[in-house]
Amino acid sequence: MVPETQPTPPPQRRKGKKQVREGVAQPGRQKPTLWVPHEELVLVNAWVDISEDSIQGNAQPGEHFWFRILERFREELGKCDDYRTKHQLNSKLREIARGVSKINGLYNNLKNQRKSGQGDEEILQEALQFYLDEVGKPFKWHDCWKLLVRSSRWITDERDFIFGVQQSKQMKTGSSGYTTSSDARVGQDLNQDDELELEEIERPMG
């Protein structure tokens, strides 16, 4: 009698090792932490204070300038020395700067074309609606906006601060027909990231 041949069972998957790889953070890599409004405001405040430092002034090299911001940022939040990086702060500040420049430009253009009987709050709401229509999400940096527009550095260096040293020569306006910067000379559409040669924000000149 010939014994029946039993089918070879399929190899078992080693679940344990895979689960360990997926569930444990890799050495030297940290899980990104979402930004909260208070952190963003602390960052903007640190940039304003340090960029307007009249004592060090032009003696602040770019690296030193951003390390000072990082140090102030961590100190204000009571965080340890590995919380956030200089690059993360630089990137977040540029994101906020774009949004602030856009809403500020929309608001100022609408204010200059104020309709009869139209108040500032109504103009603000109209600007916020234009922002939502063009960007696709609500403007959320109201406190940062108030802080930046009062900064002398922001007023004088807004263009280089947002776009870096190199800029696209193509000038555009948003779909609302309004330029998107608080300065009429800056006519870039801040939604068109692919047409801008962005560089890391350097220390403001002055």
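This briefing describes the helices of one protein chain, how they pack against one another, and a few residues that deserve a separate look. The model is predicted, and its protein chain has a secondary structure of 7 helices and 0 strands. Read along the sequence, the chain therefore follows the pattern α-α-α-α-α-α-α. Buried residues make up 38% of the 206 residues in the chain, and among the contacts between residues at least 6 apart in sequence, 65% join residues that are at least 24 apart.

**Helix H2 against helix H3**

- Helix H2 covers residues 37–51 and helix H3 covers residues 62–77, and their axes come within 9 Å of each other while crossing at roughly 135 degrees.
- Because an angle from 65 to 115 degrees would count as roughly perpendicular and one over 145 degrees as roughly antiparallel, this crossing makes H2 oblique to H3.
- The crossing in which H2 passes H3 is right-handed.
- On the H2 side, the residues that meet H3 are His38, Glu39, Val42, Leu43, Ala46, Trp47, Asp49, Ile50 and Ser51, while on the H3 side the partners are Phe65, Trp66, Arg68, Ile69, Arg72, Phe73, Glu76 and Leu77.
- Sorted by character, the residues of this contact between H2 and H3 comprise 10 nonpolar, 2 polar and 5 charged ones.

**Helix H3 against helix H4**

- Helix H4 runs over residues 86–112, and its axis and that of H3 come within 9 Å and cross at roughly 90 degrees.
- That angle makes H3 roughly perpendicular to H4, because the range from 65 to 115 degrees is counted in this way.
- From H3, the residues Glu63, Trp66, Phe67, Ile69, Leu70 and Phe73 take part in the contact, and they meet Lys86, Leu89, Asn90 and Leu93 in H4.
- The residues of the contact of H3 with H4 can be divided into 7 nonpolar, 1 polar and 2 charged.

**Helix H2 against helix H6**

- Helix H6 consists of residues 142–149, and the axes of H2 and H6 come within 9 Å and cross at roughly 5 degrees.
- Because angles under 35 degrees count as roughly parallel, H2 is roughly parallel to H6.
- The contact is formed by Glu40, Leu41, Val44, Asn45, Trp47 and Val48 on the H2 side, together with Asp143, Cys144, Leu147 and Leu148 on the H6 side.
- Of the residues in the contact of H2 with H6, 7 are nonpolar, 1 is polar and 2 are charged.

**Cysteines**

- The structure holds 0 disulfides.
- Cys80 has a relative accessible area of 47%, which means that this residue is partly exposed.
- Cys144, which is one of the H6 residues in the contact with H2, has a relative accessibility of 3% and so counts as buried.

**Buried residues in helix H4**

- Asn90 has its place in helix H4, where it is one of the residues that H3 meets, and with a relative accessible area of 2% Asn90 is buried.
- Although Asn90 and Leu43 are 47 residues apart along the chain, their C-alpha atoms are separated by 9.4 Å.
- Ala97 also lies in helix H4, and a relative accessible area of 0% makes this residue buried.
- The C-alpha atoms of Ala97 and Arg159 are separated by 9.8 Å, while the two residues are 62 residues apart along the chain.

**Tyr131 in helix H5**

- Tyr131 lies in helix H5, which covers residues 120–135, and its relative accessible area of 4% means that Tyr131 is buried.
- Tyr131 and Leu106 are 25 residues apart in sequence, and the distance in space from C-alpha to C-alpha is 7.7 Å.
- When residues up to four places away in sequence are not counted, Tyr131 touches Gly99, Lys102, Ile103, Leu106, Gly136, Lys137, Pro138, Phe139 and Trp141.

**Arg84 between two helices**

- Arg84 is found in the loop between H3 and H4, and since its relative accessibility is 6%, Arg84 counts as buried.
- The phi angle of Arg84 is near 65 degrees, which is a positive value in a residue other than glycine.
- As a general background, most residues other than glycine have a negative phi.

Definitions and conventions:
Residues numbered from 1 in each chain as written. Predicted model: local features only at pLDDT ≥ 70, side-chain atom pairs only at ≥ 80, totals over all residues. Heavy atoms only, no water. Axes fitted to C-alpha atoms, helices over the stretch in contact; angles between N-to-C directions. Helix = DSSP H or I, 4+ residues; strand = E, 2+ residues; numbered from the N terminus. Left-handed = near helix turned anticlockwise from the far one by under 90°. Contact = heavy atoms within 4.5 Å. Nonpolar A, V, L, I, M, F, W, Y, C, P; charged D, E, K, R; others polar. Disulfide = S-S within 2.5 Å. Buried < 20%, exposed > 50% of the residue type's maximum accessible area, 1.4 Å probe, protein only.
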